[in-house]
Amino acid sequence: MWKTSETGGAHVEQAIKQLLPPCQIKCPINEDIQRTNVLISLLPNTMEEARGGIIQIGEHLYERNPLFNICGYVCGLCELECNYKNEGGAVRRRLLKRFLSDTYTDYLKEKPEAIIVKDRGDIAIIGGGPSGLMAAYQLSKLGYRITIFESGDRLGGALWLIPEYRLPKAVLSTTVENLIRIMGIDVRYNSKLGEGRTTVKRLINDGFKAVFIAKGTPNARQLTFGKDIVEGQELSGVMYGLDFLYEVSHGNISPDYFKNKKIIVIGAGNVAFDTARTARRLGGDIAMVCLECEDKSHRDGIPADIDEIRGAWEEGIKIHASRGVRKISGKSGKFEKVHCPRCTRVYNEKGFNPEFDTNDEIVLDGDIVIITIGQAADRELLKKEGLLDELGRLSADPHTLQSQVNPHVFIGGDVRRVGFMVEAMMEGITAAESINQYLNGENLKTVKKDYEPFGLPERPMYKQPTEVLWIPPEKRLHFQMFEKGLTLREAIDEAKRCATCGPCVSCKACISIGFEKSLYAVKVDEAKCSGCGVCVYICNYDSARLKSKDGKLTSDTDIFRCKSCGMCVPACPSSARQLVDDLTAAKISKTLTELA
């Protein structure tokens, strides 16, 4: 079994411009996707032998992303930019991380506490969601004493609103609880911002050198039609998606809560589909109403993930696309109907600005309507804490996340900008870097990194993705996982599909396991080179190129694109190319001697 060692070379370098695989660029935290895919592909064929390698890969991922095993269930952003997506289907990176999670999550319980001298002062973090947890993790590694002030009774924030059929509670709780234990982070539960001593002013007075506000968006957005609030939202039977999912996650709703009831869910994002599919599992007859159209390739297409849409359709949920809500009506204070005109356009040149044809309207009857169109921050609380500027905005530098009204405060996560889980995590990382710079008296204005994606290497054929198995819809209307994970053999085969599009200098998996001692550079003897261009033709990575020098065409190598594969060396008719320090011939000779 190979052993990995950290050389530091697999992480994104601090460069103004860098070539990377497109999947890694799409990932907000630039996870080392190519490297870990390569290492998974090299695992032994039995779980007994592979466990050690899985944990080593997990340790590498954990160093950058201590929530990676949760990402393996709910995040697949990287797959959206996989070069393979148009050649049979993207490499199933999310399921590969879930495969690692199946072993690594159990290992977390025995992972030793980090040995860190924490002598750099105290920092307060308001909110224990993904952004707050990532900031706490990064700052703890730097030697700060961290206290998380969590308004509820558990950490994880909005991750607890993800239904258990997508994210098992055991995975979430094990990940979060052990993160706190491993990093020695103090947590104060039921501590709400603005109450008692949990105010920005008092925290600073109590000795906290900086405060990171990552409290999320606890308030549901009200439904509007044009500029007007839709009437009828005060009726009995009108609910909001966040409140509903919160109650479900706390076990406050019985399994047959919606039995024999017609439920109308308004919204088209992932949370709306989570709400609809959860209500379906509680016995409801579900219909959805959304402004967006069913064509996801259209600008006005439904924004939810394709798997969410497919799952809802298979589970018998009716989707009324391109429909808005003009009015909610009822009798005797109880909801009865939703009036839905056709939405003719969602976005225009100015952005989100729905237009409707009120002459084309349908009316849907129901027992319950659940509004799930987004969430908003508690602006009154933020104003009370002095975090809004003179225009009433929650103002923070978009690059450093430092508050522009209070330099001791940094603001990130959904409270600043609602987004995906991993985007909130990146803001936690950014906040940690900025806080550290601020406390060290450094300039917070960082250089923006520019990444250029690699294309798909040319191959005569491309492998098809591993089939993802879902439990049949008639057997999955429960809260157990409906998607089956990968077996060891499937994980190895899927990882082998990775075309390793990125440059070797951003991966170095082969070096980390001792397979190679270095990345072999291709040297060109310009005196021998005839400028024929054979090397350009043979190179699959656009690394070999021709350049003009002193009026003569000669071969050149882009070291940031070169994969050190050596294909150009034997192809060169002039023997002008060679791999520096290449030990392949010696290895072959040694192997033949041992076999003789």
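Q: What makes two helices count as roughly parallel?
A: An angle under 35 degrees between their directions counts as roughly parallel. The model considered here is predicted.

Q: Why are α10 and α11 called roughly parallel to each other?
A: Helix α10 (residues 270-281) and helix α11 (residues 306-314) pack at an angle of about 25°, with axes 10 Å apart. Since the cut-off is under 35 degrees, α10 and α11 are therefore roughly parallel to each other. The crossing of this pair is left-handed.

Q: Which residues of α10 and α11 meet, and how do they divide by kind?
A: On the α10 side Asn270, Phe273, Asp274 and Arg277 take part, and they meet Asp307, Glu308, Ile309, Gly311 and Ala312 in α11. The residues of this contact comprise 3 nonpolar, 2 polar and 4 charged, where Gly is counted among the polar residues.

Q: What is the handedness of the crossing of α6 and α13, and how far apart are their axes?
A: The axes of helix α6 (residues 130-141) and helix α13 (residues 421-439) come within 7 Å and cross at roughly 35°, and α6 passes α13 in a right-handed crossing.

Q: What makes up the contact of α6 with α13?
A: From α6 come Pro130, Ser131, Met134, Ala135, Gln138 and Leu139, which meet Met421, Ala424, Met425, Glu427, Gly428, Ile429, Ala432 and Ile435 in α13. These residues divide into 10 nonpolar, 3 polar and 1 charged.

Q: How do you know that helix α2 is mostly covered?
A: In helix α2 (residues 33-41), 8 of the 9 residues are buried, namely Ile33, Gln34, Arg35, Thr36, Asn37, Leu39, Ile40 and Ser41. The elements that cover these buried residues include α1 (22-26), α3 (47-64), α5 (93-108), α14 (488-497) and α15 (509-512).

Q: Why is Ile40 called buried?
A: Ile40 lies in helix α2 and has a relative accessibility of 0%. Buried means under 20%, so Ile40 counts as buried. Leaving aside neighbours within four places in sequence, Ile40 is in contact with Ile57, Leu96, Leu100, Ala491, Ile492 and Ala495.

Q: Why does Ser249 count as buried, and which side chain does its own side chain join in a polar contact?
A: Ser249 lies in helix α9 (residues 241-249), and its relative accessible area is 7%. That value is set against a limit of under 20%, so Ser249 is buried. The side chains of Ser249 and Arg154 are joined by a polar contact of 2.8 Å, which is set against a limit of 3.5 Å. Apart from neighbours within four places in sequence, Ser249 is in contact with Arg154, Trp160 and Lys169.

Q: What makes Leu161 buried, and which residues does Leu161 touch?
A: Leu161 is placed in the loop between β3 (145-149) and α7 (169-183). With a relative accessible area of 17%, set against the limit of under 20%, Leu161 is buried. Not counting residues up to four places away in sequence, Leu161 touches Leu242, Leu245 and Tyr246. The C-alpha atoms of Leu161 and Glu247 are 9.0 Å apart in space, although 86 residues separate the two in sequence.

Q: How do you know that His339 is buried, and what does its side chain contact?
A: His339 is found in strand β14 (residues 334-348) and has a relative accessible area of 11%. As the limit for a buried residue is under 20%, His339 is buried. The side chain of His339 makes a polar contact of 2.9 Å with the side chain of Ser329, and the residues that His339 touches, beyond those up to four places away in sequence, include Gly324, Lys327, Glu361 and Val363.

Q: What is noteworthy about phi in Ser322 and in Ser575?
A: Most residues other than glycine have a negative phi. Ser322, not a glycine, has a positive phi of about 55°, and phi of Ser575 is a positive value near 55°.

Q: Which of the words buried and exposed applies to Ser322, and which to Ser575?
A: Ser322, in the loop between β12 (318-320) and β13 (327-331), has a relative accessibility of 13% and so counts as buried, the limit being under 20%. Ser575, in the loop between α17 (568-571) and β23 (577-579), has a relative accessibility of 51% and so counts as exposed, the limit being over 50%.

Conventions. Residues are numbered from 1 along each chain as its sequence is written. This is a predicted model: local features need pLDDT of at least 70, side-chain atom pairs count only at pLDDT 80 or more; totals for chains, interfaces and linings use all residues. Side-chain values use heavy atoms; hydrogens and water are left out. Helices (H or I, at least four residues) and strands (E, at least two) are DSSP runs, numbered from the N terminus. Buried means under 20% relative accessible area, exposed over 50%, partly exposed in between (1.4 Å probe, protein chains only). A polar contact is a pair of N or O atoms within 3.5 Å; within protein, one must be able to donate a hydrogen and the other to accept it, and residues adjacent in sequence count only if both atoms are side-chain atoms. Contact means heavy atoms within 4.5 Å. Axes are lines fitted to C-alpha atoms, for helices over the stretch in contact, and angles run from 0 to 180 degrees between N-to-C directions. Angles under 35 degrees count as roughly parallel, over 145 as roughly antiparallel, 65 to 115 as roughly perpendicular and the rest as oblique. A crossing is left-handed if the near helix is turned anticlockwise from the far one by less than a right angle, and right-handed if clockwise.
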